[in-house]
Amino acid sequence: MALPELRLPRRAGRRTNLGLLLLLLVAGGTGVLGYTVGTAPATTLVAAAHGAAGLGLLLLVPWKTVVVRRGRRRAMHTRRDPGVAIALGFTVALTVLTGVLHAVGLPGPWPVLGGVAALQVHVAAAIVGAALLAVHVVGARQRPRRTDLGRRELLRTGALGLGAVALWGGLEGLLRLTGAPGGRRRSTGSHERGTDDPTAMPVTQWIGDAVPDDRASALEVVWGDSRVRLDADELDRGDEVRATLDCTGGWYAAQDWRGVRLDRLLAGALPRGLPDGGSVDVVSATGYRRRLPLSDTAHLLLATHAAGRPLSPGHGAPVRLVAPGRRGFWWVKWVVRVEVVDAPWWLQSPFPLQ
Ligand code: HEM
């Protein structure tokens with residue numbers, strides 16, 4: 001009599017673990033992908049897939065609880081250390097919790113926990129979780145079976161996916177109906193902070209970067225042997241663009257930016273004219289840099305002003321890059337050099353290493 005009861009949970013356990021693994025891989029992959037896209041509909045699709053995969057984990061919690069209880073009973077007879085599994089469970093729970101806090105908009109319209117943005121805690125927990133998951137999966141390796149791709153399993157996976165999307169859609173609907181701050185976030189998931197009021201924009205930098213002590217007073221334009229030094233005061237040439245700075249820390253602000261279009265600056269500073277192909281390196285006083293295609297320079301601005309006011313030191317004074325449609329880490333601050341190079345723009349780390 002007891003046999004069928006024991007066999008069912010065992011298969012259900014394997015399915016639960018594979019379902020969790022799939023959702024974690026989709027959540028991790030779309031989380032990273034989300035930072036590489038900056039405009040709708042790509043942002044909407046990626047954020048929806050991410051939210052659904054992350055929230056879908058909650059659907060499997062009841063099943064996983066059974067699996068964990070059974071594993072604990074078995075661990076009494078084996079020497080396997082459950083430390084990694086416990087740490088993994090904790091980091092995944094923290095990742096989901098901070099992701100939901102960010103999405104809902106709690107605490108505050110741009111959720112900050114003890115001085116650190118909820119989203120930063122979220123990403124850090126996800127990175128630690130990825131390392132723990134790798135160790136856990138190697139330790140609890142399961143051989144693939146042909147039935148894993150059978151009709152029944154695919155139907156079950158489809159049902160899990162639908163449930164996950166419904167959960168995400170339900171939360172989104174609730175946020176909009178209740179007027180919660182999260183109901184007004186951008187398609188990237190970012191909350192509005194300081195549109196048309198640069199003083200209200202948070203000052204945030206990429207991981208190891210920091211506001212430099214000294215303000216640069218000049219910018220160098222370089223191509224091969226050509227080197228032209230331009231005074232920072234010469235860079236406000238009245239070119240304007242309205243663009244949205246969307247920070248990977250989870251906030252965004254639209255501003256009227258003013259300064260000089262990068263293609264005009266390069267054409268004026270380089271007597272030989274611009275090459276047909278290649279890229280441009282935009283380098284900060286801190287050493288932080290990003291490489292962009294030369295063909296994009298008509299859409300890039302070196303800004304000295306936002307909303308009619310000179311940039312503040314925290315927002316990149318005297319000059320920063322404005323890269324419409326790209327996430328904030330492309331908007332290099334405290335620019336001291338722009339250099340035309342032959343190397344393709346994609347030949348760089350997808351995310352800054354500094
Ligand atoms: C496997 C690890 C991860 C899990 C389980 C997870 C889970 C979640 C969850 C549940 C949410 C709330 C979604 C919503 O309610 O709409 C969320 C939001 C978010 N996550 Fe993750 N996440 C993971 C990894 C990452 C990574 C690695 C990144 C970025 C590098 C990231 C970036 C984001 C962003 C930007 C949001 C806000 C999206 C929005 O508000 O719609 N996540 N995540």
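Colleague: Which residue in S13 does valine 283 stand opposite in this model?

Modeller: In this predicted model, valine 283 stands opposite arginine 337 in S13. Arginine 337 also has glutamate 220 standing opposite it.

Colleague: What makes strand S8 and S13 count as a pair of strands?

Modeller: Strand S8, which covers residues 279-284, is joined to S13 over six bridges in the antiparallel sense, and because at least two bridges are needed, the two strands pair. Strand S4 (residues 218-223) runs parallel to strand S13 (residues 335-341), and four bridges join them, so that the requirement of at least two is met here as well.

Colleague: Why is threonine 43 called buried?

Modeller: Threonine 43, which is found in helix H2 (residues 42-56), has a relative accessibility of 4%, and since buried means under 20%, the word applies. Setting aside residues up to four places away in sequence, threonine 43 touches Val37, Gly38, Ser187 and Thr188.

Colleague: What makes the approach of threonine 43 to alanine 40 a polar contact?

Modeller: The side chain of threonine 43 reaches the backbone nitrogen of alanine 40 at 3.2 Å, and because the cut-off for such a pair of N or O atoms is within 3.5 Å, this one qualifies as a polar contact. Alanine 40 is also joined to proline 41 by a cis peptide bond, with omega about 5°, and proline 41 lies in the loop between H1 and H2.

Colleague: What makes a cis peptide bond worth pointing out?

Modeller: Most peptide bonds are trans, so a cis bond departs from what most of them do. Another cis bond runs from alanine 317 to proline 318, with omega near 5°, and the place of proline 318 is in the loop between S11 and S12.

Colleague: How do you know that histidine 50 has a polar contact with the ligand?

Modeller: A nitrogen atom of the ligand is 2.7 Å from an N or O atom in the side chain of histidine 50, and because the limit is within 3.5 Å, the pair counts. Histidine 122 likewise has a side-chain N or O atom 2.8 Å from a nitrogen atom of the ligand. For tryptophan 168, an N or O atom of the side chain is 3.5 Å from an oxygen atom of the ligand. The elements that give two or more residues to the shell around the ligand are helix H1 (2-34), H2, helix H4 (83-104), helix H5 (118-139) and helix H6 (151-178), and the largest share, five residues, comes from H4.

Colleague: How many residues surround the ligand, and how many of the shell are nonpolar, polar or charged?

Modeller: The ligand is surrounded by 24 residues, the closest being Gly31, His50, His122, Leu171 and Arg185. Sorted by class, the shell has 12 nonpolar, 10 polar and two charged residues.

Colleague: Why is the pair of tryptophan 257 and tryptophan 331 called edge-to-face?

Modeller: By the rule for ring pairs, the count comes to six aromatic pairs. In the pair of tryptophan 257 and tryptophan 331, the centres are 5.5 Å apart and the planes make an angle of 65°; since the centres must lie within 6.5 Å, and an angle over 60 degrees counts as edge-to-face, this pair earns the name. Tryptophan 257 belongs to strand S7 (residues 251-261), while tryptophan 331 is in the loop between S12 and S13, 74 residues apart from it. Tryptophan 257 has a relative accessible area of 0% and is therefore buried, and tryptophan 331, at 1%, counts as buried too.

Colleague: Why is alanine 307 called partly exposed, and what is its phi?

Modeller: The relative accessibility of alanine 307 is 26%, and because this value falls between the limits of 20% and 50%, the residue is called partly exposed. Its phi is positive, about 50°, although alanine 307 is not a glycine. Most residues other than glycine have a negative phi, so a positive value stands out. Tryptophan 334, in the loop between S12 and S13, also has a positive phi, near 50°, but at 2% relative accessibility it counts as buried.

Note on methods:
Residues numbered from 1 in each chain as written. Predicted model: local features only at pLDDT ≥ 70, side-chain atom pairs only at ≥ 80, totals over all residues. Heavy atoms only, no water. Buried < 20%, exposed > 50% of the residue type's maximum accessible area, 1.4 Å probe, protein only. Polar contact = N/O pair within 3.5 Å; in protein donor to acceptor, adjacent residues only side chain to side chain. Contact = heavy atoms within 4.5 Å. Near = heavy atom within 4 Å. Nonpolar A, V, L, I, M, F, W, Y, C, P; charged D, E, K, R; others polar. Phe/Tyr/Trp six-rings, centres within 6.5 Å; stacked < 30°, edge-to-face > 60°.
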